[in-house]
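Here is a short tour of one protein chain. Look at the structure first, then follow the text from the whole chain down to single residues.

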Amino acid sequence: MTRKIIRDGQTAEEIAAALRAEIIAGKHAPETMLFQEELAERFQTSRMPIRESLKILEREGLVLLPANRSAVVAPLDVESFVEINEMRAVAEPLALRHAIPELTNRLIAQAEAIQDDAEKSDIAEFAALNRAFHMTLLGPCARPRLLSHIALLTHLSQRYFHTVAVELEYSASSHKEHRALLAACAARDAAAACAILQDHIEAASRLMEDALRAKGAAPSSARMESSSQSAR
């Protein structure tokens with residue numbers, strides 16, 4: 001498919017990528033309105049690629065497009081977070097099982113170097129390093145659709161991480177689990193590595209779910225009802 005380049009080079013995909021990164025990093029708060037006119041002025045383009053970029057983000061679950069209303073940054077809710085991480089806990093071990101036979105010592109050393117950096121990082125850097133660690137080990141699975149699916153789930157999960165991780169004391173546990181995962185991968189023990197990875201994702205999910213509930217994140221059903229009433 002040929003991408004149309006609009007005025008000074010901005011495409012819908014490029015605009016979506018910029019907005020995606022900002023939403024994930026928490027620069028646009030949940031339920032913030034995104035006005036097409038303002039975005040068109042910011043990106044120096046027409047409204048057509050803006051609309052297309054918002055549709056991309058809607059498909060990814062990052063933006064809501066209510067009828068006859070401005071786009072809205074998707075809310076954070078506990079039910080969605082649980083679903084995202086249930087899917088990760090299945091998809092990532094599946095990818096790892098296929099990746100283990102193809103993992104080279106070089107890739108394992110690369111993942112170990114990323115983990116070294118993660119253990120010295122602050123909370124602002126940790127999320128990106130954590131994602132890089134996981135994707136380095138999963139990359140050789142030769143399942144591009146699966147990796148794309150995992151990347152999207154990771155992006156969605158990161159929004160919640162930026163919201164509550166600063167309040168958690170999870171990093172020490174995460175580092176320990178990553179080291180165990182590296183050891184299993186180095187031993188080419190696929191069964192052990194997949195079990196460690198699944199437990200790792202589920203443990204982090206439980207901790208963050210509890211933090212979200214403590215912060216009062218509403219279930220998606222309540223959010224939808226609130227949005228419906230606001231639109232009346």
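A142 makes a good starting point. This residue has a positive phi of about 60° although it is not a glycine. Most residues other than glycine have a negative phi. A142 sits in the loop between α6 (123-138) and α7 (144-164). Its relative accessible area is 59%, so A142 is exposed.

The model shown is predicted.

**The whole chain**

How many helices and strands does the chain have? The secondary structure comes to ten helices and three strands. Read along the sequence, they follow the pattern α-β-α-α-β-β-α-α-α-α-α-α-α. The chain has 232 residues, and buried residues make up 43% of them. Take the contacts in the chain with a separation of 6 or more: residues 24 or more positions apart account for 76% of these. The accessible surface comes to about 12,400 Å². Carbon and sulfur atoms hold 53% of that surface.

**How confident is the prediction?**

The chain averages a pLDDT of 87. A score of at least 70 is reached by 87% of the residues. Among the elements of the chain, helix α5 (residues 105-120) has the highest mean pLDDT, at 97. Helix α10 (residues 220-231) has the lowest, at 43.

Two stretches call for caution. Over residues 1-7, pLDDT stays under 50. For this stretch the model has ten contacts beyond four places in sequence. Over residues 220-232, pLDDT also stays under 50. Here the model has 13 contacts beyond four places in sequence.

**Helix α9**

Helix α9 covers residues 190-215, which is 26 residues. At 1.5 Å a residue, the helix should span 38 Å. Its end C-alpha atoms are 37 Å apart, so the model agrees with the expected span.

Which residues of α9 are buried? They are A193, C194, L197, H200, I201, A204, S205, M208, E209, A211 and L212. These buried residues pack against α4 (78-99), α6, α7 and α8 (171-186). After α9 comes G216, whose phi is positive, near 85°.

**The loop between α1 and β1**

E31 lies in the loop between α1 (12-24) and β1 (33-34). Phi of E31 is near 75°, a positive value in a residue other than glycine. Is E31 buried, partly exposed or exposed? Its relative accessibility is 37%, so E31 counts as partly exposed.

H28 is in the loop between α1 and β1 too. H28 has 17% relative accessibility and therefore counts as buried. The cut-off for buried is under 20%. A polar contact of 2.7 Å joins the side chains of H28 and E22. Leaving aside neighbours within four places in sequence, H28 is in contact with L19, E22, I23, L34, R42 and V73.

**Salt bridges**

Side chains of opposite charge can pair when their charged atoms come close. The count of salt bridges comes to eight. The table gives three of these pairs.

| Pair | N to O distance | Residues apart |
|---|---|---|
| E60 and R20 | 2.8 Å | 40 residues |
| R179 and E112 | 3.8 Å | 67 residues |
| R179 and D116 | 2.5 Å | 63 residues |

Start with E60 and R20, which form a salt bridge with the closest N and O atoms 2.8 Å apart. This pair links distant parts of the chain: E60 is in the loop between α3 (47-59) and β2 (63-64), while R20 is in helix α1. E60 has 16% relative accessibility, so E60 counts as buried. R20 has 17%, so R20 counts as buried.

Next comes R179, whose side chain meets that of E112 in a salt bridge. This pair links distant parts of the chain, with R179 in helix α8 and E112 in helix α5. R179 is partly exposed, with a relative accessible area of 28%. E112 is partly exposed, at 39%.

R179 forms a salt bridge with D116 as well. That pair also joins helix α8 to helix α5. D116 has 33% relative accessibility, so D116 counts as partly exposed.

Which residues are linked with R179 in a network of salt bridges? They are E112, D116 and E119.

Definitions and conventions:
Residues are numbered from 1 along each chain as its sequence is written. This is a predicted model: local features need pLDDT of at least 70, side-chain atom pairs count only at pLDDT 80 or more; totals for chains, interfaces and linings use all residues. Side-chain values use heavy atoms; hydrogens and water are left out. Helices (H or I, at least four residues) and strands (E, at least two) are DSSP runs, numbered from the N terminus. Buried means under 20% relative accessible area, exposed over 50%, partly exposed in between (1.4 Å probe, protein chains only). The expected span of a helix is 1.5 Å times one less than its number of residues. Contact means heavy atoms within 4.5 Å. Accessible areas come from the Shrake-Rupley method with a 1.4 Å probe; for residues, only the protein chains shown count as cover. pLDDT is the predictor's confidence in each residue, from 0 to 100. A polar contact is a pair of N or O atoms within 3.5 Å; within protein, one must be able to donate a hydrogen and the other to accept it, and residues adjacent in sequence count only if both atoms are side-chain atoms. A salt bridge is a side-chain nitrogen of Lys or Arg within 4 Å of a carboxyl oxygen of Asp or Glu.
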